[in-house]
Amino acid sequence: MMGKVESQSDLLQRLHCQAQNRRQFVGWGAGGLGAFFMNTAYAAQQPATSSGLTFKRDPSTPLSVLPPQFPAKVKRVIYLHMGGAPSQLELFDHKPTLSRFNGHDCPQSFLKGKRFAFIRGVPKMLGPMFPFHQTGKNGTWISDRLPHTERLIDDLCLIKSMKTDQFNHAPAQLLVQTGDARTGHASLGSWVTYGLGSENQNLPGFIVLASSGPGPTANAGKPLWGSGFLPSVYQGVECRSAGEPVLYLNNPHDVSRTQRRHVLDAVDEINRQTHAEFGNPETVARIAQYELAFRMQVEATEAMDIRREPAAVLARYGAEPGKNSYANNCVVARRLAERGVRFIQLYHWGWDSHGSPTDEGINIGFVNRCRETDQPTAALLADLKSRGLLEDTLVIWGGEFGRTPMEDNHGGSNEISKYIGRDHHTAAFTIWMTGGGVKSGMVYGETDDMGYEVVKDPVEVRDLHATILYLLGFDYQKLNYPYQGLDQKLTGVKPARVVSEILT
Amino acid sequence: MVGSFAGTRRVSASAYFSGVAMATLLGIAAAMFLRPAFGHTVLQLVGLETVPQAAPGSFYTVRVAPLFEAHCISCHGGERQKAELRLDSFAAVMRGGKHGAVITPNIAKDSSLFTRITLPATDDRAMPPSGKTPLSKDDVTVIRLWIAAGASGTLPVKAIKGAPALVVPVKMPELDLAAVQRQRAPLANEVSRLQGRFPGVIHYDSRSSADLEIDASLKGAAFGDSDLKALLPLRDRIVSANLSGTGVTDASAPLLASMKSLRVLRLMNTKTTDATVAALASSKRLKVLAVAKATPAALAPLRQRGVRVYEDVDVR
């Protein structure tokens, strides 16, 4: 134990000793323990997996393009994650029978042996809150909440039979985004940039754009776009659609670009010396990251600046420069797709419609979320389509789970609550995909008459992942990374299935 | 006690052994009677009954067997034979198990295999047991149709109408690196030289082919006709070319038209005109074309051929 008051000279003495010891340790390390450690670190950079596919790159260009395993249908992905989980029963999964049972007690067979996030006791069945109608060439059912998206229904492939095994937001979001309900796994975007690199070396290969309604945001936080066990250079970079796109990217006040260049040159020189001494590739990766950030100062600012778009384009999206909105993010997403960014991840939070506070009401918050996202989503699709980008881009829309066909009765009695809501539902939810290699105007999968359970063509999250990787030109079993004695895969250890029925 | 046997008649060895043989045969006969499955096995073994075989291309082989394979044989197959039932060959399926035949041809509801797979999941006798992947509605329909049509091993796929569409699993091509290397060899030096000259512009379209993709869109106006011309040695292998936003003009039209493998060509936001579009009339493989400015008349022949055409609509 140290004395209560440490004199200035004692403190300096102690710090000096610590520094000496550290230096000594590192010094010995270069030969003994350290060399062993460095070798492990180096091995991690140059993984040898059983697949025979290597993802080796020059550490100074960790995002350089690598061809996929076999010819790909799509080159990039735009993933529109509706955080909080929108209700499939109010958007795509038309259930007239459920309307008939509105207000009836939920049958015991739905409740026996089941656990829900909030529902306790016997809830009432809740019929769809909005009218449905048939639309498009194939008479696809859709509610009246998505009038803009509806116009593109013949381009979409609806999957009504998605299933998950996680009924809380954070683990369910992690499962959808990283293939595992626990933190520490590499996200979909990280896997894709690790496998393929990125075309534009002046922008990150994996960019995250988030917007939200008034409610809670990313339940699972940044691990949703983390690189997990993959090298950190493959993690998503969160950019903002208002203000500086990347925090702390711009030079501080009164620091010119030339000055910044001088600083970087000096830092790079030190890093190069460090690398010459220790040979740790992470040091080279760090130089690469500093250089990327320097190039991004110009390129990212330009790519994110939606004021460069014609007013008519902004109007189509409903985008207003300077705001943080999903509409702005959709414009940015298209600009990034055109600039060769590999994986563009959008989040729009606030879909968690339990019916307790106002913004969680299907009759209020949910309606607003639809309004915030419908027009921009449709404008993005229309833009990608008219520019021919939908030929080689995959767009995915969906939440982390579905909503129950029963009313969520948490937070008081239903009778007095004027907000209506549904609980988290793992057994069935709807997502859609569109783009290269995906059948358009298709509805895949089916739920029972109450919308409770999938009765035809179930799709697990890992099946969705396998399908996405297939479209990008990978056998999901071959895109892997050795970690903790296992060739880690996005799809995990359970067998997955490429949903061949939805592929062209 | 020993003495009490002394007076009994001694049994000759031959009588003894024939007695035992008789008893064994009787036992086998009884077992064959009580367990028809065993009976069929015996008869098939001694050649008194033909072993039923499923024909390749039959409804059974194509549609039914894969379902047993996926859902049943971990308990009813080579490793384990619960209830002495195996479902890993047509003969075994028709033979049945401990409780007799599981298939009654023509009558699905009398076939215990069918009734067991259609029990509600809550029933203890439901198959596959809880925890295992249940058969889907379509799977059950396939099995029902097969039994109703006589549970044949030879009836061809097309003979049974109304079966749900067959899901063909996606084939993941195996990577034969040596073969790929051979395909790439003739141009390998040129490719790597030009990759060095135009960083980030030239890539193989996959690790399993020698086809090339070029993308100069990020180079902007700095990439012009003369640069494209430098890629001439690679032209036969180029399957996709993204030249949007580059300085390429109609002067490159002959070169673009001579890329005989070209499937995707992007020229948005360039100075190319109808002249380039007209030259592309001879590009037989072209599937996708994104153009800058072109008249409907120039695009019509391509559209007619099924080329998906995209036009630059925004004023920039």
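# A walk through a predicted two-chain model

Start by selecting A:Asp383, which sits in helix 12 (residues 365-386) of chain A; helices here are DSSP runs of H or I with at least four residues, strands are runs of E with at least two, and both are numbered from the N terminus. This is a predicted model, in which local features need pLDDT of at least 70 and side-chain atom pairs count only at pLDDT 80 or more, while totals for chains, interfaces and linings use all residues. Residues are numbered from 1 along each chain as its sequence is written, and chains are lettered from A and ligands numbered from 1 in the order in which they are written.

Stay on A:Asp383 for a moment. Is this residue buried or exposed? A:Asp383 has 23 C-beta neighbours inside 10 Å, so it counts as buried. The word buried applies when 20 or more other C-beta atoms lie within 10 Å of a residue's own, exposed when 12 or fewer do, and partly exposed in between, with C-beta atoms placed from the backbone. Now add A:Arg334 to your selection: it is 49 residues away along the chain, yet the two C-alpha atoms are separated by 7.7 Å.

Next, show the whole of chain A. You should find 13 helices and 17 strands. Of the 504 residues in chain A, 51% are buried. Among contacts between residues at least 6 apart in sequence, 76% join residues at least 24 apart; a contact means that two C-beta atoms, placed from the backbone, lie within 7 Å.

Then select residues 461-471 of chain A, which form helix 13. How many of its residues are buried? The count is 11 of the 11, so helix 13 of chain A is largely enclosed by the rest of the structure. Among them are A:Arg462, A:Asp463 and A:His465, along with A:Leu464 and A:Ile468. To see what covers this helix, colour the elements that include strand 1 (76-83), helix 6 (169-178), helix 7 (188-196), strand 8 (393-398) and strand 15 (459-460) of chain A. After helix 13 of chain A comes A:Gly473, with a positive phi near 95°.

Colour chain A by domain now: domain 1 covers 53-245 + 305-502, and domain 2 covers 251-295. These bounds come from an automatic or database domain assignment. Taken over C-alpha atoms, the centres of the two domains of chain A are separated by 37 Å. Where they touch, each domain of chain A gives 7 residues.

Move on to chain B, where the mean pLDDT is 90 and 96% of residues reach 70 or more; pLDDT is the predictor's confidence in each residue, from 0 to 100. Select helix 1 (residues 13-34) and helix 2 (residues 36-46) of chain B, which pack at an angle of about 125° with their axes 5 Å apart. That angle makes helix 1 of chain B oblique to helix 2 of chain B. Show the side chains at this contact, including B:Ile28 and B:Phe33 of helix 1 of chain B and B:Phe38 and B:Val42 of helix 2 of chain B.

Farther along, chain B is divided into domain 1 (59-159) and domain 2 (177-311). Their C-alpha centres lie 54 Å apart.

Finish with both chains in view. Their contact takes 27 residues from chain A and 28 residues from chain B. For the complex, the predictor gives an ipTM of 0.84 and a pTM of 0.82.

Technical notes
Axes are lines fitted to C-alpha atoms, for helices over the stretch in contact, and angles run from 0 to 180 degrees between N-to-C directions. Angles under 35 degrees count as roughly parallel, over 145 as roughly antiparallel, 65 to 115 as roughly perpendicular and the rest as oblique.
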